Amino acid sequence: DMAEELLKLYAQRKAVPGHPFPADSHWQEEFNDAFEYDLTPDQVSAITDITRDMEAPSPMDRLLCGDVGYGKTEVAMRAAFKAVMDGKQVAFLAPTTVLASQHLKTLRERFSGFPVAIDMVSRFRTKQEQKATLAALADGKVDIIVGTHRLLSKDVIFRDLGLLVVDEEQRFGVTHKEKIKQMRKKVDVLTMTATPIPRTLNMSLVGIRDMSVIET
């Protein structure tokens with residue numbers, strides 16, 4: 001049943017017109033140039049894949065595999081920047097509060113030279129802080145929102161979500177995956193993982209999902 005449902009979902013995604021993002025802007029080039037390291041060959045090919053997917057008319061669903069420290073986050077941040085430059089919002093979903101905080105710090109440092117509003121919802125924040133953040137998100141005042149499964153709650157409303165980045169998807173529970181799946185219907189999705197589970201790998205191998213691997 002689950003396999004049938006997944007196939008239906010991916011078939012729907014192929015049939016539904018997504019949002020084709022425009023070609024890289026001048027700011028995107030500036031953002032890319034601000035990266036202080038040289039890209040590895042695999043990072044370059046992953047970025048090329050993702051850029052092509054985002055500019056295509058059907059929604060992206062790409063799996064990005066690579067060990068910890070191989071630069072998956074930089075690849076994801078470039079995709080996030082591309083989405084924000086087109087006026088779309090980005091959701092960065094992480095399995096733990098600590099990981100979410102880490103992503104927030106990395107994103108804020110990397111985006112520091114650009115007018116991009118980045119915030120987070122997690123249990124490290126008070127109820128009031130979360131409420132204010134969610135109100136800003138619904139108004140479109142937050143460009144990139146980082147969070148744990150808290151981002152999948154009913155009270156989280158986006159003004160215009162364009163990209164969903166999921167870190168270590170296999171660490172989310174079944175109900176959370178259902179919510180992610182609903183969000184997936186028309187939004188570009190980039191899943192990052194160091195340890196793909198057999199099902200995810202199988203889906204990539206049978207061609208239901210696209211996959212980029214960073215081995216360098």
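**Exercises on a predicted model**

The protein carries 29 positive and 31 negative side chains, and the centres of these two sets are 8 Å apart. The model is predicted.

**Exercise 1.** Find out what the secondary structure comes to, and judge how compact the protein is.

*Solution.*
- Step 1: Take the elements. There are eight helices and seven strands.
- Step 2: Take the radius of gyration. For the protein, this is 16 Å.
- Step 3: Set that value against the globule rule. The rule gives 17 Å for 216 residues, and the two values are close, so the protein is as compact as a globular protein of that length.
- Step 4: Add the dimensions. The C-alpha trace spans about 45 × 40 × 30 Å along its principal axes.

**Exercise 2.** Describe the burial, the surface and the contacts of the protein.

*Solution.*
- Step 1: Start with burial. Of the 216 residues, 49% count as buried.
- Step 2: Turn to the surface. The accessible area is about 10,700 Å², and carbon and sulfur atoms account for 56% of it.
- Step 3: Look at contacts between residues at least 6 apart in sequence. Of these, 79% join residues at least 24 apart.

**Exercise 3.** Place L39 and decide whether this residue is buried, partly exposed or exposed.

*Solution.*
- Step 1: Locate L39. The residue sits in the loop between α2 (26-33) and α3 (41-55).
- Step 2: Read its relative accessible area, which is 29%.
- Step 3: Apply the cut-offs. Buried means under 20% and exposed means over 50%. L39 falls in between, so L39 is partly exposed.
- Step 4: List its contacts beyond four places in sequence. They are V44, I47, E74 and R78.
- Step 5: Compare two distances. L39 and K82 are 43 residues apart in sequence, and their C-alpha atoms are 18 Å apart in space.

Methods:
Residues numbered from 1 in each chain as written. Predicted model: local features only at pLDDT ≥ 70, side-chain atom pairs only at ≥ 80, totals over all residues. Heavy atoms only, no water. Helix = DSSP H or I, 4+ residues; strand = E, 2+ residues; numbered from the N terminus. Rg over C-alpha atoms; globule rule 2.2 N^0.38 Å. Buried < 20%, exposed > 50% of the residue type's maximum accessible area, 1.4 Å probe, protein only. Contact = heavy atoms within 4.5 Å. Areas by Shrake-Rupley, 256 points an atom, 1.4 Å probe, with all protein chains shown as cover. Lys, Arg positive; Asp, Glu negative; His and termini not counted. Charge placed at Lys NZ, Arg CZ, Asp CG, Glu CD.
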